[in-house]
Amino acid sequence: MPPPLPVRDAALLLLGHGSTLNADSSAPTFQHADELRRRGLFAEVHVAFWKEEPNFRQALRQTQRRHVYVVPNFISSGYFTEQVIPRELGLSGPVTHLGRQDIFYCQPVGLHPVMNEALLRRAQSVVATSAETISAPAQTACLFICGHGTSFNDNSTKIIYEQAALIRSLGLYADCQAVLMEQSPFVKDWRTLTDCPDVVVVPFFISDGLHSYEDIPVLLGLTHNIKEQGFVNPHRENGRRLWYATAIGTEPFLADTILSQVAEFQARFPVETQPAPSSDSATTIADELARFLELTPPPWMIGELALRWSEDRRYELLQHADLALPVADLNPVDSAHDLRQLALWDSDGNFRPLPAAPNLRRGWVHRARDLADLRLALDYLYPAALANWTLRQHGLLPVTPWRETAERQTGRFRIVRELGEEGVRELVATHCQPGCLKNRLWTPDALPPATRSGEIPLLCPEACNYLVGKAREKLKGPGEE
Ligand code: SF4
């Protein structure tokens, strides 16, 4: 595959699943975004998630670039890539003209042929890093490629069967089969699906999380949570050995696979690569931020953050409760990546599914070299907050009432359509008002922000997926994500 044509005037948007329960789910998407940002191939690199913020609805607000390449960091073509993403981003096909932007919707990462290599590497490394070996895998070992399986879309499993068939044809293993968590052939039936004495299971998932750490180990009969309880390969059972690997999404070469999907898109849909004259004529988020910092005196506030000049005239970001402390007493956090890690957990070590929850840890300081660094830091701490605020400044921020958000839900979340207005109010009173610092703009009972000088308000233009999940829980009882 040829390298991508110059895309330096374009934005890259990586989409992942994310999770409101654990931090591992979005990690590969952030990892590859950081790497691609470091390479400087695109003018901007952004991320968005189904379950985390910035969510898919806010995804395209993060850039005003005329050309935006969207690459789903998903394993297969299916429910998410064919239904959820087009619906949430407003895409109508591979090329969508949205206002003044052209959105180029590329194939998901998992469909690239190189994924076969990723699966084989993972299968080989899980055995190589264990205390035992498989001396003749072509005679004794069965490799299981384990996917999710869903009744929402048949395409979701197609790629798993294709990968298993391809590996089978290579003859590296005595057998290779696709197995699924929620559909036949079930991974829980591994004992009867093969006679091989050696079995290797590789989860065909982008990220580790609930499925790879808990669900599949339980279905295999290994342990309840390999992350918490630990697991030593191989597992022995009735004279057989089983190796269990982790998900493949953190393989570093997947950053190149993302670029390959962009290049493949360009080959299939040649697009004009000239920078569009209108691309920078609209007010950008960076312009708006620069103007705000110029016109208002420091310290500036955003959520629980305070921003001021450091002694060496860099932007200094800290928890506002620490403003009065000597800087020497605060721990320096050097990179935006480390800042994001810090914001994932509260001071008791609990995962923070809501970035705007009023429990951002204290005791740190981050210095951003320039406006671009500052924007990235703010995007990581309060995703899409600057984008929403910029749009609001120009009267362009769309606000979606609860009823409309509920009507848009499909699949397992369709049930939230049944929640009445009183139910929504209870939900807001339980989760939004005490648990989130955002100003809720959507009805019922919107709470627009009071304008305060020197503050960038955190805005909530529509119910987040966390709240939609809580609405489902309210109707159905607690369930898995
Ligand atoms: S819906 Fe509620 S919890 Fe979710 S971001 Fe908005 S205000 Fe916060």
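Colleague: What pLDDT does the chain average in this predicted model?
Modeller: The model is predicted, so each residue carries a confidence score from 0 to 100. At least 70 is the score of 94% of the residues. The average pLDDT over the chain is 90.

Colleague: Over which residues does pLDDT stay under 50?
Modeller: One stretch falls below that mark. The model gives this stretch 7 contacts beyond four places in sequence. The stretch is residues 277-281.

Colleague: How many Å separate the centres of domain 2 and domain 3?
Modeller: Start with the domain assignment. Domain 2 covers 114-244, and domain 3 covers 284-392. The centres are taken over C-alpha atoms. They are separated by 42 Å.

Colleague: Which strands are the edge strands of the sheet ordered 2-1-3-5-4?
Modeller: This open sheet has 5 strands, and its pairing is mixed. An edge strand pairs on one side only. The edge strands are strand 2 (42-49) and strand 4 (95-98).

Colleague: Which residue of strand 5 stands opposite valine 68?
Modeller: Look at strand 3 (residues 67-72) and strand 5 (residues 101-105). They pair in the parallel sense over 4 bridges. Opposite valine 68 stands isoleucine 103.

Colleague: At what angle does helix 10 run to strand 3?
Modeller: Helix 10 lies across strand 1, strand 2, strand 3, strand 4 and strand 5. Its direction is compared with that of strand 3. The angle is about 125°.

Colleague: Are helix 1 and helix 10 roughly parallel or roughly perpendicular to each other?
Modeller: Helix 1 spans residues 27-39, and helix 10 spans residues 254-268. Their axes lie 9 Å apart, at an angle of about 70°. Angles of 65 to 115 degrees count as roughly perpendicular. The two helices are therefore roughly perpendicular.

Colleague: How many charged residues does the contact of helix 1 with helix 10 have?
Modeller: Helix 1 brings His32, Glu35, Leu36 and Arg39. Helix 10 brings Leu254, Ala255, Asp256, Ile258 and Leu259. By class, 5 are nonpolar and 1 is polar. The number of charged residues is 3.

Colleague: Where is proline 185 found?
Modeller: A cis peptide bond joins serine 184 to proline 185. Its omega is about -5°. Proline 185 is in the loop between strand 7 (175-180) and helix 7 (190-193).

Colleague: What is omega near for the peptide bond from proline 298 to proline 299?
Modeller: Proline 299 sits in the loop between helix 11 and strand 11. The bond that leads to proline 299 from proline 298 is cis. Its omega is near 0°.

Colleague: Which residue of strand 13 stands opposite alanine 306?
Modeller: An open, mixed sheet of 5 strands runs in the order 11-12-13-15-14. Within it, strand 12 (residues 305-309) and strand 13 (residues 315-319) pair in the antiparallel sense over 5 bridges. Opposite alanine 306 stands leucine 318.

Colleague: How are helix 11 and helix 13 set, roughly parallel or roughly perpendicular?
Modeller: Helix 13 (residues 371-381) also lies across strand 11, strand 12, strand 13 and strand 15. Helix 11 (residues 285-295) packs with helix 13 at about 100°, axes 11 Å apart. That makes the pair roughly perpendicular.

Colleague: How many nonpolar residues does the contact of helix 11 with helix 13 have?
Modeller: Ile285, Ala286, Leu289, Ala290 and Leu293 come from helix 11. They meet Leu371, Leu374, Arg375 and Leu378 in helix 13. The contact has no polar and 1 charged residues. The nonpolar count is 8.

Terms used. Residues numbered from 1 in each chain as written. Predicted model: local features only at pLDDT ≥ 70, side-chain atom pairs only at ≥ 80, totals over all residues. Heavy atoms only, no water. Domains from an automatic or database assignment. Axes fitted to C-alpha atoms, helices over the stretch in contact; angles between N-to-C directions. Parallel < 35°, antiparallel > 145°, perpendicular 65-115°, else oblique. Contact = heavy atoms within 4.5 Å. Nonpolar A, V, L, I, M, F, W, Y, C, P; charged D, E, K, R; others polar. Pairing = 2+ DSSP bridges.
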